[in-house]
Structure formats: C-alpha cells, structure tokens
Amino acid sequence: MRQTLTLFLSALFLSLVFLPNTVFASTQIYFSNTPKQVEEGDRLSIDVRVSANENPINAVTGTILFPSELVRVIAVNKEKSIVNFWTVEPKLLKDKVSFEGVILNPGFSGTSGFLFRITFEAKNDGIVTGK
C-alpha cells in the first residue's frame, strides 16, 4: 500500500512539473511596435497580442513592465479584444500594467489575437521597450 502511494505521488509530482511546459509551449503574448525611438511629448500605441498556434487558449494573464522614467500610460483600450470577460481589467500600477481575462468556448486559436492597446506619452527622449 505504501509503495503504491509513493508511486502515485511521484507520478503526480512529475506530471505537474512537466505538463505546463508541454501544454503552454506554443502560446506567446507579444507586443506590436516595440522597440521604438521616442522624443519628449511623442505618443506611442502598443498592441498587446497573443499567439496560440497548437491548442486553443481560454484564459490570459500577465504583467507588462515599461520604463516609467521614459513614458507614462495615458490610455488603455480593450475595444475589439478577443477577451470576453476580464477578471482583472488591464490596470496601471506604477511602472506596470497587469491583466487577466477569460476567452469563452471554443477559446482562441491563431497568430494575432488582440488583447488590448496601451497608449504612452514620452516624458523623455529614448527607446521604448516592453517586457
């Protein structure tokens, strides 16, 4: 009995460790229009998109970091998003935008699913990149 329990727990642990890498390997959240050179006062819009080539996805979550000494967020637009229900609306917290949402059945499968757009205004000259 003890040997069976040990074997079961070992198998469960290994599946939890290795399963996420195989299931989510083909899903990627990415940005349009970066990196970009800006001058003080310039406005820059960046689309946050998702690519899910092998398996449909039904949820997204993330945190986007940006250089707060270089730009400030002036707008977040979710219009025409593939997300049906936001559990955490895209929101600004210091130098990051956090988000979490659900895509209803059958989910999203494709290379350029629009999540939302962030519009920045440059506070200084430099190159804007997102992480």
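User: Which element of the protein has the lowest mean pLDDT, and which the highest?

Analyst: This is a predicted model, where local features need pLDDT of at least 70, side-chain atom pairs count only at pLDDT 80 or more, and totals for chains, interfaces and linings use all residues. Helix H1 (residues 2-23) has the lowest mean pLDDT, 40, and E7 the highest, 95. Over residues 1-25 the pLDDT is below 50. Beyond near neighbours in sequence, that stretch has 3 contacts in the model. pLDDT is the predictor's confidence in each residue, from 0 to 100. A contact means heavy atoms within 4.5 Å. Residues are numbered from 1 along each chain as its sequence is written, and side-chain values use heavy atoms, without hydrogens and water.

User: Why is Arg49 called buried?

Analyst: Its relative accessible area is 19%. Buried means under 20%, exposed over 50%, partly exposed in between (1.4 Å probe, protein chains only). Arg49 therefore counts as buried. Arg49 is found in strand E3 (residues 43-57). Arg49 touches residues including Tyr30 and Phe114, not counting those up to four places away in sequence.

User: How do you know that strands E6 and E7 pair?

Analyst: Two strands pair if DSSP finds at least two bridges between them. E6 (residues 85-93) and E7 (residues 96-102) have 6 bridges, in the antiparallel sense. The two strands therefore pair. Val88 stands opposite Glu100 in E7.

User: What lies between E6 and E7 in the hairpin?

Analyst: There are 2 residues between E6 and E7. In the turn, Lys94 has a positive phi of about 55°.

How values were computed:
Helix = DSSP H or I, 4+ residues; strand = E, 2+ residues; numbered from the N terminus.
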